[in-house]
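Work through the exercises below with the model open beside you. Try each task before you read its solution.

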2 protein chains.
Amino acid sequence: MSPTKEDYLKILFELGGRTEQVPNKEIANRLGISPPTVTEMMNSLVKAGWVVYTPYKGSKLTPKGTEYAKKLIRKHRLWEVFLVKHLGFDINKVHPEAELLEHSTSTVLADKLETYLNFPEYCPHGGAIPVDSMEAQEVKTLHLPEVEVDTPVKISRIVDDEKLLQYFRNHDLNIGDSIIVTSRDISLDLMTVHHISSKETIQISQTIAQYLFVEIISS
Amino acid sequence: MSPTKEDYLKILFELGGRTEQVPNKEIANRLGISPPTVTEMMNSLVKAGWVVYTPYKGSKLTPKGTEYAKKLIRKHRLWEVFLVKHLGFDINKVHPEAELLEHSTSTVLADKLETYLNFPEYCPHGGAIPVDSMEAQEVKTLHLPEVEVDTPVKISRIVDDEKLLQYFRNHDLNIGDSIIVTSRDISLDLMTVHHISSKETIQISQTIAQYLFVEIISS
DNA sequence: TATAATTATTAGGGTATCCTAAATTTATTA
DNA sequence: TAATAAATTTAGGATACCCTAATAATTATA
């Protein structure tokens, strides 16, 4: 498996390719490559049994492809824990480092690293680390724009992207914080969020709020 | 810089390409690729300023190429320290892991790792880690077959290769041990070594002993 | 020094990954 | 539903890296 192919599988997983067909354009956008290259690569991934591809429709991961993607994501998140907790990296800056390391990490190494880190449950951005808890986390978390008004929720995960992380940090929205969506204006693409502990009120774009994952507080 | 090109630079450094012209064949052997591929790659490395190449003679690193190679070797050795001391890898098994990781390690990451490891001087096989001490180490160490008979020496480094490491371990020759070469038979490619602390006498092939680096004990 | 052996290069290919431009299919909308 | 817009694929190329077979240069040896 080349790092390139691994990237395709991981992106596919992140774009929901476990359950839905992901259009080529989304993959091309995410990876910053041209659509014809995606078509070509998909044919190659199909041949190797990682992906099911329907021309003009999009691609889905096979069970084998899904497993592989989860293992990669686990490696990525384990490195992030190491980089932040032991090496002192800023949470906003670990993504590109982990992105490289994940492709150079054997299963033996990942297992030893996990032991060394004392079996962390989550990466610094709140993503589940054990492969068996990744899908469970997806089920129990909501994208912030999906939350009903006036329902208290807790921020459990932020998509791992430097700019997004900086944006949310600037708006004082961090993992573990409890918030309430107080109103929404779909036409203006805005939502108003009340931050419970700081008592501040924040307005953010719904498009961006999509990258904030929350859990309903069961109190 | 691709991992492939990085490997060429590193091998060149290890084969003495800092001071001498390294023939293509040696590089081809070490990397397990065909000689024409080496010729082709050398032309590409010349174009990028990493190497000086004399057709039919061999290649030397430019100062820029030497610096790059040393940085790679530093990364490799830092990872080895981490893998052995923190993750519990066997010394004989870390090479392939570090070989992959070194290509995915930014300077920032290497620096933070070095700090975390508390600025180790040597890798588990005795190789110097700070880039400025690598050449000094080369100067003060000898290949075991170069040592005069009856001169007490200390094993300071073993070339990082699983089979070699296993061979020396089986013969009870480890880093830090003090030994004396008691005799040599060039025609039989054999040398007899006396192990000072264990008082055992060991016979090893001179060809292989070349991969043991020692320092004269200045007592 | 001529010949043989060794080493290196050239010639001609192959795969992986990427691209742009043109053609095709699908989706949208008037 | 016909026309337009958007997404996808096909066609044709490029570069990086790797190969084998054939040729050329160098080195070793008789």
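**Exercise 1.** Which polar side-chain atom lies 3.2 Å from a base nitrogen of DNA strand C?

*Solution.* This is a predicted model, in which local features need pLDDT of at least 70 and side-chain atom pairs count only at pLDDT 80 or more, while totals for chains, interfaces and linings use all residues. Residues are numbered from 1 along each chain as its sequence is written, chains are lettered from A and ligands numbered from 1 in the order in which they are written, and side-chain values use heavy atoms, with hydrogens and water left out.

The atom sought belongs to Glu40(A), and the pair is a polar contact (N or O atoms within 3.5 Å). Two further contacts reach phosphate oxygens of DNA strand C: a polar side-chain atom of Ser2(A) at 2.5 Å, and a backbone N or O atom of Ser34(A) at 2.7 Å.

**Exercise 2.** Find which element gives the largest share of the surface near DNA strand C.

*Solution.* Begin with the residues around the strand (a heavy atom within 4 Å of it); there are 22, and among those that come nearest are Ser2(A), Lys5(A) and Tyr53(B). On the DNA side, sugar and phosphate account for 75% of the atoms of strand C that come within 4 Å of the protein. The largest share of the surface, four residues, comes from helix 3 of chain A, where a helix is a DSSP run of H or I with at least four residues, numbered from the N terminus.

**Exercise 3.** Describe how chain B is related to chain A.

*Solution.* Superposing by least squares on C-alpha atoms with pLDDT of at least 70 in both copies, one lays chain B on chain A with an RMSD of 0.1 Å, by a turn of 180 degrees and a shift of 0.0 Å along the axis. The two copies are therefore related as by a two-fold rotation axis. In chain B, the C-alpha nearest that axis is the one of Leu101(B), at 3.3 Å.

**Exercise 4.** Classify the ring pair of Phe82(A) and Tyr116(B).

*Solution.* Rings of Phe, Tyr and Trp (its six-membered ring) pair if their centres lie within 6.5 Å, and planes under 30 degrees apart count as stacked, over 60 as edge-to-face and the rest as tilted. Here the centres are 5.8 Å apart and the planes at 85 degrees, so the pair is edge-to-face. The pair crosses between chains, from helix 4 of chain A to helix 6 of chain B. Phe82(A), at 0% relative accessibility, is buried, whereas Tyr116(B), at 23%, is partly exposed (buried is under 20%, exposed over 50%, partly exposed in between, with a 1.4 Å probe and protein chains only).

Conventions: Helices (H or I, at least four residues) and strands (E, at least two) are DSSP runs, numbered from the N terminus. A polar contact is a pair of N or O atoms within 3.5 Å; within protein, one must be able to donate a hydrogen and the other to accept it, and residues adjacent in sequence count only if both atoms are side-chain atoms.
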